[in-house]
Amino acid sequence: ELTHNNYKDFFLSDIKLSYKMKHFDIDLSLNNIFNNDTYSYVINSDLISNSSTNRIRGREIMCSAYYKL
């Protein structure tokens, strides 16, 4: 909610795959699938205009391996 009864919709999507064995766990994750690079909005009221722009991390892929004793 930006102001009273005024909302901004923004959609980020991530995916994660996991494979588990007896002593190993392997994770593969893809963050920010749609590669959005900014989150911004503008609020206009009577005599005031308010804007905000934030940079967010781009798309990334990460593979992790864990060894369990």
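## Strand pairing

Two strands count as paired when DSSP finds at least two bridges between them. This is a predicted model. In it, Phe24 stands opposite Tyr67, a residue of strand 5. Eight bridges join strand 2 to strand 5. That passes the cut-off of at least two bridges. The two strands run antiparallel. Leu28 has its bridge partner in strand 5 too: Cys63.

Strand 1 also pairs with strand 2. Six bridges join them, and the direction is antiparallel. Ser18 has Asp27 of strand 2 as its bridge partner. Three residues separate strand 1 from strand 2, and the two strands form a hairpin.

## The sheet

Strands of a sheet pair through backbone hydrogen bonds, either parallel or antiparallel. Here, three strands form an open sheet with antiparallel pairing. Their order is 1-2-5. Which strands stand at the edges? They are strand 1 and strand 5. Each has a single partner strand, so one side of each has no neighbour in the sheet. Neighbouring strands of the sheet are turned by 10 degrees against each other on average, with direction ignored.

## Ser64 in strand 5

Strand 5 covers residues 60-67, and Ser64 is found in it. Is Ser64 buried or exposed? The relative accessibility of Ser64 is 17%, so Ser64 counts as buried. The cut-off for buried is under 20%.

What does Ser64 touch, beyond residues up to four places away in sequence? The contacts are Asp25, Ile26 and Asp27. Asp25 lies in strand 2, and so does Asp27. His23 gives a sense of distance. Ser64 and His23 are 41 residues apart in sequence, and their C-alpha atoms are 14 Å apart in space.

## Two aspartates of strand 2

Asp25 lies in strand 2. Its relative accessibility is 12%, so Asp25 counts as buried. The side chain of Asp25 has a polar contact of 3.2 Å with the side chain of Lys68. Lys68 is also listed among the residues in contact with Asp25, once neighbours within four places in sequence are left aside. The others named there are Tyr19, Lys20, Ser64, Ala65 and Tyr66.

Asp27 lies in strand 2 as well. Asp27 is buried, at a relative accessible area of 13%. Which side chain makes a polar contact with the side chain of Asp27? Ser18 does, at 2.8 Å. Ser18 is also the residue whose bridge partner in strand 2 is Asp27. Leaving aside neighbours within four places in sequence, Asp27 contacts Lys16, Leu17 and Ser18, along with Met62, Cys63, Ser64 and Tyr66.

The contact lists of the two aspartates share some names. Ser64 is in contact with Asp25 and with Asp27. Tyr66 is in contact with Asp25 and with Asp27.

## Asparagines in the loop

The loop between strand 2 and strand 3 holds Asn32. Asn35 has its place in that loop as well. Asn32 has a positive phi of about 55 degrees, although it is not a glycine. Asn35 is not a glycine either, and its phi is also positive, at about 55 degrees.

How accessible are these asparagines? Asn32 is buried, with a relative accessible area of 6%. Asn35 is partly exposed, with a relative accessible area of 37%. That value falls in between the cut-offs of under 20% for buried and over 50% for exposed.

## An aromatic pair

How many aromatic pairs does a search of the whole structure find? It finds two. One of them is formed by Phe11 and Phe34, and it is tilted. A pair of aromatic rings is described by the distance of the centres and the angle of the planes. For Phe11 and Phe34, the values are 6.1 Å centre to centre and 40 degrees between the planes.

The pair links distant parts of the chain, 23 residues apart. Phe11 sits in the segment before strand 1 (15-20). Phe34 sits in the loop between strand 2 (24-31) and strand 3 (38-44). Are these rings' residues buried or exposed? Phe11 is exposed, with a relative accessible area of 56%. Phe34 counts as exposed too, at 52% relative accessibility.

How values were computed:
Residues numbered from 1 in each chain as written. Predicted model: local features only at pLDDT ≥ 70, side-chain atom pairs only at ≥ 80, totals over all residues. Heavy atoms only, no water. Helix = DSSP H or I, 4+ residues; strand = E, 2+ residues; numbered from the N terminus. Buried < 20%, exposed > 50% of the residue type's maximum accessible area, 1.4 Å probe, protein only. Contact = heavy atoms within 4.5 Å. Phe/Tyr/Trp six-rings, centres within 6.5 Å; stacked < 30°, edge-to-face > 60°. Polar contact = N/O pair within 3.5 Å; in protein donor to acceptor, adjacent residues only side chain to side chain. Axes fitted to C-alpha atoms, helices over the stretch in contact; angles between N-to-C directions.
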